[in-house]
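Here are my notes on the model, in numbered points. They begin with the metal sites, then take up the sheet, two helices and two single residues.

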Amino acid sequence: MKIIHISDLHKTSSFFIKEWGNMLIDQVNRINPELLIISGDITDNGYYFEYEEVVEYLKAFKIKNMIIVPGNHDARNEGYRIFEKFFKTRYPQFENDEIVILGLDSSEPDLDDGHIGRSHYKYIENCFKGKNNKIKAITLHHHLIPIPGTGRERHIPVDSGDMLKLIKDLGVNFVFSGHKHMPWIWNLNNTYFINSGTSATRKLKGMGYPSYNIITINKKEVRINEINLITEESKMSLETIISNGD
Ligand SMILES: [Fe+2]
Ligand SMILES: [Fe+2]
């Protein structure tokens, strides 16, 4: 199966480039993944009109399954309530024969810092119970491990240490995030932490480019390609074999 991971559209901001947004739709629809992951900051300030506009934009993706989590920008101005109105939940899930993905809201209203919260740990544990025969994945907006080339660390979830321990204990294979507008992959204790760059805005770091990730799963073999939206070249890739407790 194929999954595409995009992030940080910041729709309606002057940073969103319409042409890039259309290129993203074309490329995603052409690849036709089974699942599209959007790891937050779909709006720029969480306003109702922004949600209306981004919901309209997302209709152009002809992908059956989408898993969308809110980012810090989406939670601004009580936007988290609007997020729930349009997308039903801030904790979406997807599961098929191969993979179980759990979406988490790591945002705090009108703060840029991340926070998962102890009260959610049991819920996360229960979601992965009895799923050892599948690839386990989490998506949340905030990065759990600092990303190089993004300045001094200041927004990492305040409980990232405990969350990393939980991820290790539960044998989570992949964590998909955004927020930093910088593509990157870390491997820690057999978990891959995959960050997507901003997929269609010019909110880029240094000489950066808009990007997204393609995840190709063939039984336990997984390939991750980070794609430059402009050139469609794969800039960073890795292949790995997933071994779970089964
Ligand atoms: Fe962002
Ligand atoms: Fe963000």
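1. A donor here is an N, O or S atom within 2.8 Å of the metal; water is not among the atoms, so sites may look incomplete. On that basis, the donor residues of the iron ion (ligand 2) follow the spacing D-x30-N-x68-H-x37-H in sequence. The model is a predicted one, and the comments below should be read with that in mind.

2. Which protein atoms are donors of the iron ion (ligand 2)? They are OD of D41, OD1 of N72, NE2 of H141 and ND1 of H179, at 2.1 to 2.2 Å from the ion. The arrangement is irregular because the four donor atoms subtend angles of 88 to 161 degrees around the ion. Tetrahedral would require all angles to lie between 85 and 135 degrees.

3. The iron ion (ligand 1) has its own set of protein donors: D8 (OD), H10 (NE2), D41 (OD) and H181 (NE2), lying 2.0 to 2.3 Å from the metal. Along the chain these donors are spaced D-x1-H-x30-D-x139-H. The angles among the four donor atoms run from 87 to 172 degrees, and this site too is classed as irregular.

4. D41 deserves separate mention, as this residue coordinates both iron ions, ligand 1 and ligand 2, which are 3.4 Å apart. D41 sits in the loop between β2 (35-38) and α2 (48-58), and H179 in the loop between β7 (174-177) and β8, so this pair of donors ties together parts 138 residues apart in sequence. Are these two residues buried or exposed? D41 counts as buried because its relative accessibility is 1%, and H179 is buried with a relative accessible area of 10%.

5. A second link involves H10, which is in the loop between β1 (2-6) and α1 (18-31); with D41 in the loop between β2 and α2, the pair ties together parts that are 31 residues apart in sequence. H10 is buried, at 0% relative accessibility.

6. D44 is also placed in the loop between β2 and α2. With a relative accessible area of 13%, D44 counts as buried. Leaving out residues up to four places away in sequence, D44 touches H10, K11, T12, S13, E50, H73, R76 and K203. One of these contacts, H10, is a donor of the iron ion (ligand 1), and another, E50, is among the buried residues of α2.

7. In what order do the strands of the open sheet run? The six strands follow β4-β5-β6-β7-β9-β8, and the pairing is mixed. β4 (93-95) and β8 (184-188) are the edge strands, each paired on one side only. From one strand to the next, the twist averages 15 degrees.

8. At the β8 end, β8 and β9 (residues 191-195) run antiparallel and are joined by five bridges. Within this pairing, the bridge partner of L188 is T191 in β9.

9. Helix α4 (residues 121-128) packs on the sheet and touches β4, β5 (99-103) and β6 (135-139). The direction of α4 makes about 165 degrees with that of β5. Y121, I124, C127 and F128 are the buried residues to note in α4. They lie on the same side of the helix because they cover an arc of only 125 degrees around its axis. The buried residues of α4 pack against α5 (160-170) as well as β4, β5 and β6. Just after α4, G130 takes a positive phi of about 70 degrees.

10. In α2, the buried residues are E50, Y51, V54, V55, Y57 and L58. Their arc around the axis is only 160 degrees, which puts them on the same side of α2. Among the elements that cover them are α1, β2, β3 (65-68) and α3 (79-87).

11. L35 lies in β2 and is buried, at 0% relative accessibility. Apart from neighbours within four places in sequence, L35 contacts M1, K2, I3, I4, I63, N65, M66, I67, F94 and I101. The C-alpha atoms of L35 and M182 are separated by 22 Å, and these residues are 147 positions apart along the chain.

Technical notes
Residues are numbered from 1 along each chain as its sequence is written. Chains are lettered from A and ligands numbered from 1 in the order in which they are written. This is a predicted model: local features need pLDDT of at least 70, side-chain atom pairs count only at pLDDT 80 or more; totals for chains, interfaces and linings use all residues. Side-chain values use heavy atoms; hydrogens and water are left out. Two strands pair if DSSP finds at least two bridges between them. Helices (H or I, at least four residues) and strands (E, at least two) are DSSP runs, numbered from the N terminus. Axes are lines fitted to C-alpha atoms, for helices over the stretch in contact, and angles run from 0 to 180 degrees between N-to-C directions. Contact means heavy atoms within 4.5 Å. Donors are N, O and S atoms within 2.8 Å of the metal (3.2 Å for Na, K and Ca); water is not among the atoms, so sites may look incomplete. Four donors count as tetrahedral if all angles lie between 85 and 135 degrees; four count as square planar and six as octahedral if opposite donors are over 155 degrees apart and all others between 65 and 115; anything else is irregular. Buried means under 20% relative accessible area, exposed over 50%, partly exposed in between (1.4 Å probe, protein chains only). The arc is that of the directions from the helix axis to the C-beta atoms.
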